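Grab a pencil and work through these exercises with the sequence and the 3D view side by side. Try each task yourself before reading its solution.

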Amino acid sequence: MAGQFAQRFQLMAGNIERAIRGKREAVELALVCLFSEGHLLMEDVPGTGKTTLARSVAASVDAEWRRIQFTPDLLPSDITGVSIFNQAHQKFEFHQGPVFANIVLADEINRASPKTQSALLEVMEERRVTVDAEPHPVPRPFMVVATQNPVDMDGTYPLPEAQLDRFLMKISVGYPDHYSEVEILKAGPQVDRLPQVARASDVAAMIDFAGQIHVADPVYDYIVALVASTRTNPNLRLGASPRASLALLRASRVRAASTGRHYVVPEDVKALAVPVIAHRLILTPEAELRQRTAADVLGEVMAGMPVPQAA
Amino acid sequence: MPAAAPPPTSPGSSSRRARGTASRRRGRRDGARVAEVALWRRIAGPAVVAALAATAGWGFHRVFPAAELLTVVVPAALVPAVVAALTRNRPLWLALVLDVVLWLAAAVPLYGAFTLAFASDLTNSWQALLTTLLPAPAEPRLLILTHTLVWLAAVTGAETLTRTRLRIAPALPALLVYGVALVLGVDGEGSNLATSAALLVMVGLLLVLREDRPALWLLPVLPAIGVVTLAAALLGPVLPMAREPYDPRRDAELPPPVRVDSVSPLDRVSAWLQIPDRPLFTVKADKPLNWRLAVLDRYDGVRWTSSGRFQPTGGRVPSDAWTGATTTVRQTVTFQGLPGTWLPAADRPVEVKGARGLAADPESGALLTSAATGKGFTYQVTSEVAAPTKDELLHAVPVADPGLTAFPAGPQEKLFRKLAQDATRGADVPIRQAYRLQNFLRTTAKYDITAPPGHSLKALEFFLDTTYRGTSEQFASSFALMARTLGLPARVVVGFRPGQAKDGVYHVRSGDVMAWAEIKFDKLGWRPFYPTPGKSGAKDDHDVVSSAIEESEKLEGEFGQSGASKAKEPAPKGKPVPVAESTSHWWVIAPVVVAAYLLLALVLPWWRRRSRRGATPDARRVMGAWHQACQDLGVVGKHSLTASEIVARHPAVEELQPLAALANHVRYAPDTLPPHAASEAWRYSDAIRAHTRRTTPLRTRLTHRLNPKTLIRP
């Protein structure tokens, strides 16, 4: 089974890579996020392919996807939907917003007001929207792929910590290398021509399978020790929460399955620690002044932490 | 009635019967020999264990006096061995209950009566022994420790012997107790070499007894034990740890310095001089000496006090730094009216007998007692009086000790320093400075028992600047402080002149009280100086002081003649002469250590590899193959690396990837290993080893092999 999972995973990754050239790592991380039932935050400068990656993921799956362009005047109801009085039936009817899709692309999420951003909170964690005290579940699989621009910060609203914590991963796409950029120029935009290589039900089944990947007790200990060490690190003002431990475990299981293994090894944990944990950490002012990043600190923590030696 | 006919027999049956009878006879004979051997072993085994425990207990002979120690050790070693031999076929709990009851019963004669104090004594005896000068007094509160340890060693050893087939284990408790005895007795007198040899012999005997072989087998083995013991006895004293053994007393927390007398003896000087005829004590001694009472080395500007850390002692007092010629003086001191807890004795006492509650300051050798000292209180002291040669005095160099040259803050320091510098002008060596200072005070000021008492800085300033009259209290204090301004480590001693001799006994009265000063020199120890003039001028009426003054004047004269040339040689003032290097046996030890390390570096990796390859189950073999590969690749002690990271660091080693996968499978997968996985893992590991040998230069491999990190952290 793990072999089949790996095969489909690689097929999807190869498919997406036709649109995003030379970014295999980012593609695989996005897929890990998808099969972990997590949400993905992509932060990078304009034009590096954030939106393309998100669209490619959506295009590879035969599932419903929507795009929301976040702007300062966007209202919460523009995302979740609204109840409208139907005079014919003499009752309110709920009109679903764009969030009711399998994959939701929240483009430039930091341009919307905090009120609108918070509209995403419930649906990201609870996977349902409550309007007029009535819950409306979103379809499965459900994934929010948000993008944001680290430069040109005028008129933006940085995401609050609570919302950042709800993203399973935060990744950067980065500029392509010379060869890949030449290929992009030659091939032109490919997103619309990508074939659908998986159905929504396949993705749901793969998610269920990944949840059953075996994790040995020492690996649990390793995850907890790694996350706990961020809470006592002198360079960090805020460490990672237990939600981060859960996220790292889920993602590690998917990564193990994506390589055809039916058990998690510490490599999985180490490989995913930075994208899963770093965006949840807040550096101390002294560390920021020394130009340190959360990824640096996390790297140091991992370098000093022994990996489990026996099952 | 006809007699019953014998049963018919076949021709071969008689010969079978004959064979059977012979076999039974032989069997009986063998059985008897076995029973004889078993009986012999049953008696000899517990006897050897008892002897082992007793010998281990004898190891405390550097801690306690021998006679008292034997009365404790022998029953403690013997009784449990007898109990174990008698109850060998009974349940263990019965033997242990008997042992506990007998142990309690044996503690009764030790204390003289039944008491529960032994429980607390047992707890406190460790600390008490570590803060007691050896030999420790043979008091029950201290002996209970030895009693209990030996008893425990005998019980454990004898029960292990009679109830198990373990060979060396019955000797281990005794060896442990002996280890305790060695550590506690490091500071004591005597040697444990013979005891150690005896223990070794007995351990060897025990090993032989535990072998299930006939007694004749002993014949060639006994000489072998003798040879091993002899070798150990010869090699033992050469080992560095034997030359400088660990002494736990260095780390033990000593009692803090306390005021041992409500009235300082120095404060009593003037009072005693006012009523000079009060009999204080008598001393029966071979020759007249000054009887030292108290040593005061700390001055706070108001009073002199003692910083001595008095430790209980059974009679021995450690010697001082002086290792040269001495004169032994035996004294019997009897109190008549001497108040306080200090005990007078000639400097330097080395042994005291008959004083209850005796405590001594190892640094100064001053004595005191915690017992009541009324009229008739008597004790015997043996003192070793230093007799340095003129040459040794001429070349004496003061020790550098800031605590002994400290001068309390105050405006008086200027006066003391100026007077001292004026008095010692032209003196180029420390001993000459001290003599000049002594002479200055003896000739400048006058002895007057009516002078105002006190030795505070103000009082001494008044004495040196205004009255020029005082008693030995002011003279000695002034000398010590002036010496300190010159960098000479000085202290004040309160004692008595020899007293009036009558029938070989010196009668010391209160008028004989005298304070003098001492300066500490390297190797010489503390040397006395007498700055107090006699009643009728500079000369003193008493033998000891007069002869000391004459000696100093003689030396002063020699400085004038030949001393000047000699004086150029001494070491600089205030800096101690470096102690001569003790002879070392490192030239023997070093090659042995190097050879042992090389052997270890050669054998240990081979042994590790062998044990890894032969480990069970298969999962351990796979992990062994992985660890072996990591060791061969030089990945040692990098515990934060995952298997993939190690693979990534060695991309050229193809076999590493599948081996890492197998290792990960063993560690983290829920299912069992595929068949032949262990063999496969070792095939990869061997290939990696071969690859490493091919690609790594010999020098690098050797360095890696000899690296201690590789040996310690595989």
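**Exercise 1.** Find where Arg348(B) sits, and work out which residue shares a cis peptide bond with it.

*Solution.* Start with the place: Arg348(B) is in the loop between strand E7 (342-343) and strand E8 (349-353) of chain B. Helices (H or I, at least four residues) and strands (E, at least two) are DSSP runs, numbered from the N terminus. Next, look at the bond: Asp347(B) and Arg348(B) are joined by a cis peptide bond, with omega about 10°. Now try chain A, where the bond from Arg140(A) to Pro141(A) is also cis, omega near -5°. Pro141(A) belongs to the loop between strand E8 (134-137) and strand E9 (143-148) of chain A. Most peptide bonds are trans, and most residues other than glycine have a negative phi.

Before you go on, a word on the ground rules: this is a predicted model, where local features need pLDDT of at least 70 and side-chain atom pairs count only at pLDDT 80 or more, while totals for chains, interfaces and linings use all residues. Residues are numbered from 1 along each chain as its sequence is written, chains are lettered from A and ligands numbered from 1 in the order in which they are written, and side-chain values use heavy atoms, with hydrogens and water left out.

**Exercise 2.** Look up the phi angles of Gln90(A) and Lys523(B), and say where each residue is found.

*Solution.* Gln90(A) isn't a glycine, yet its phi is positive, about 55°. You'll find Gln90(A) in the loop between strand E4 (81-86) and strand E5 (91-96) of chain A. Gln90(A) is also exposed, at 55% relative accessible area. (Buried means under 20% relative accessible area, exposed over 50%, partly exposed in between, using a 1.4 Å probe and protein chains only.) Over in chain B, Lys523(B) has a positive phi of about 70°, again without being a glycine. Lys523(B) is in the loop between E17 and strand E18 (525-529) of chain B.

**Exercise 3.** Is strand E14 (residues 490-496) of chain B enclosed or open, and which strands pair with E14(B)?

*Solution.* Count first: 7 of the 7 residues of E14(B) are buried, so the strand is largely enclosed by the rest of the structure. Then check the faces: Ala490(B), Val492(B), Val494(B) and Phe496(B) are buried on one side, and Arg491(B), Val493(B) and Gly495(B) on the other. Now the partners, bearing in mind that two strands pair if DSSP finds at least two bridges between them. Strand E2 (residues 291-296) of chain B pairs with E14(B) in the antiparallel sense over 5 bridges, and here Arg292(B) stands opposite Gly495(B). Strand E17 (residues 513-521) of chain B is also antiparallel to E14(B), over 7 bridges. In that pairing, Val493(B) faces Trp516(B).

**Exercise 4.** Describe the surroundings of Tyr530(B).

*Solution.* Place it first: Tyr530(B) is in the loop between E18 and helix H16 (543-567) of chain B. At 7% relative accessibility, Tyr530(B) counts as buried. Then list its contacts (heavy atoms within 4.5 Å): leaving out residues up to four places away in sequence, Tyr530(B) touches, among others, Asn290(B), Met514(B), Trp516(B) and Val544(B). Finally, Tyr530(B) and Leu441(B) are 89 residues apart in sequence, but 9.4 Å apart in space, C-alpha to C-alpha.

**Exercise 5.** How many residues does the largest nonpolar core have?

*Solution.* A nonpolar core is a set of buried Ala, Val, Leu, Ile, Met, Phe, Trp, Tyr and Cys residues joined through side-chain atoms within 4.5 Å. The largest one has 90 residues, and those with the most contacts inside it include Phe281(B), Tyr379(B) and Phe496(B). It draws at least three residues from each of domain 2 (265-387) and domain 3 (393-498 + 514-567) of chain B, with bounds that come from an automatic or database domain assignment. A second, separate core of 78 residues includes Ala244(A) and Leu281(A).

**Exercise 6.** How many residues does each chain give to the contact between chain B and chain A?

*Solution.* Chain B gives 18 residues and chain A gives 19. The area buried between them is about 1400 Å², with 54% from carbon and sulfur atoms. (Buried area is the accessible area, 1.4 Å probe, that two parts lose on being put together, summed over both.) In chain B, Ser640(B), Arg667(B) and Tyr668(B) lose the most area to chain A, together 47% of what that side buries.
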